[in-house]
Amino acid sequence: MTENLARKGPRPPLIAKKPERKKEPRLLAIIDQHGCTGCEACIVFCPVDCIEIVPGVESQFQQVVEVDIERCIGCALCSKHCPWDTIPMLSYEEGIRQAPELTIKSVCNQKERSDAGSPAS
Ligand code: SF4
Ligand code: SF4
């Protein structure tokens, strides 16, 4: 299995409690938070409940979402239903590589943009 180099540290308890995926998917959904309005439309379509609400980039009073890339099964349902077309489906390796740049705010301990390119901790 390809190592998730975007992982920054231990997962928050509520997320760590969610069931693990059985195998590595071919594709990953990555939220491009630059275009996300926080409308939550994608959340209801996710069969494994791996889309999390995250405080906004500019203000805590806004919200955006992120995909937990360690639980996404790559079904693409969220991507098909996002009204703002801001969920690219990427190959597993490319998704892990691009996640810190596209998903700026994370509660799943993905690395932040400023951490991208630094060695995994
Ligand atoms: S459907 Fe698209 S715009 Fe709405 S919360 Fe999900 S990713 Fe963001
Ligand atoms: S691709 Fe499927 S499993 Fe992954 S976040 Fe989107 S709806 Fe959930």
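How many bridges join strand 2 to strand 3, and do the two run parallel or antiparallel? Keep that in mind while opening the structure, which is a predicted model, and begin with the whole chain before turning to the pair.

**The whole chain**

Show the protein chain as a cartoon and follow it from the N terminus: the chain has 3 helices and 4 strands, and read along the sequence these follow the pattern α-β-β-β-α-β-α. The radius of gyration is 13 Å, close to the 14 Å that the globule rule gives for 121 residues, so the chain is as compact as a globular protein of that length. If you reduce the display to the C-alpha trace, its span along the principal axes is about 30 × 30 × 25 Å. Of the 121 residues, 31% count as buried, and among the contacts between residues at least 6 apart in sequence, 75% join residues at least 24 apart.

**Strands 2 and 3**

Now select strand 2 (51-55) together with strand 3 (residues 63-67). The opening question is settled here, since 5 bridges join strand 2 to strand 3 and the two run antiparallel. To see one of these pairings, pick Ile51, whose bridge partner in strand 3 is Val67. Strand 3 is largely enclosed by the rest of the structure, because 4 of its 5 residues are buried.

**The loop between strand 1 and strand 2**

Step back along the sequence to the loop between strand 1 (27-29) and strand 2 (51-55), and select Asp49 there. Phi of Asp49 is near 55°, a positive value in a residue other than glycine. Most residues other than glycine have a negative phi. Asp49 is also exposed, with 12 other C-beta atoms within 10 Å.

Ile43 lies in the loop between strand 1 and strand 2 as well, and counts as partly exposed because 15 other C-beta atoms lie within 10 Å of its own. Leaving aside its neighbours within four places in sequence, Ile43 is in contact with Ile51 and Val65. Ile51 is the residue already seen bridging to Val67. For a sense of distance, draw a line from the C-alpha atom of Ile43 to that of Arg97: the two residues are 54 apart along the chain, and the separation is 23 Å.

**Strand 1 and ligand 2**

Which class of residue makes up most of the shell around ligand 2? Start from Ala29 in strand 1, a buried residue with 25 other C-beta atoms within 10 Å. Not counting residues up to four places away in sequence, Ala29 touches Val67, Cys72, Gly74, Ala76, Cys78, Ser79, Ile87 and Met89. Its C-alpha atom is nevertheless separated by 23 Å from that of Pro13, which is 16 residues away along the chain.

Next, display ligand 2: of the 14 residues around it, Ala29, Cys46, Cys72, Cys75 and Cys78 come nearest. Cys72 and Cys78, in this nearest group, are also among the residues that Ala29 touches. By class, the shell has 13 nonpolar, 1 polar and no charged residues.

**Ligand 1**

Move to ligand 1, where 13 residues form the surroundings and Cys36, Cys39, Ala41, Cys42 and Cys82 come nearest. The shell around ligand 1 divides into 9 nonpolar, 3 polar and 1 charged residues, whereas the shell around ligand 2 has no charged residues.

**Helix 3 and the segment after it**

Which residues of helix 3 are buried? Select helix 3 (92-102) and colour Gly95, Ile96, Ala99, Pro100 and Leu102, which are its buried residues. What covers them includes strand 1 and strand 4 (89-91).

Continue into the segment after helix 3 and stop at Val107, which is partly exposed, with 16 other C-beta atoms within 10 Å. Not counting residues up to four places away in sequence, Val107 touches Pro12, Ile15, Glu52, Val54 and Glu66. The C-alpha atoms of Val107 and Val65 are separated by 9.4 Å, although the two residues are 42 apart along the chain.

End at Asn109, also in the segment after helix 3, which has a positive phi of about 65° although it is not a glycine. Asn109 counts as partly exposed, with 19 C-beta neighbours inside 10 Å, while Asp49, the other stop with a positive phi, is exposed.

Notes. Residues numbered from 1 in each chain as written. Chains lettered and ligands numbered in written order. Predicted model: local features only at pLDDT ≥ 70, side-chain atom pairs only at ≥ 80, totals over all residues. Buried ≥ 20, exposed ≤ 12 C-beta atoms within 10 Å, placed from the backbone. Near = placed C-beta within 6 Å. Nonpolar A, V, L, I, M, F, W, Y, C, P; charged D, E, K, R; others polar. Rg over C-alpha atoms; globule rule 2.2 N^0.38 Å. Contact = placed C-beta atoms within 7 Å. Pairing = 2+ DSSP bridges.
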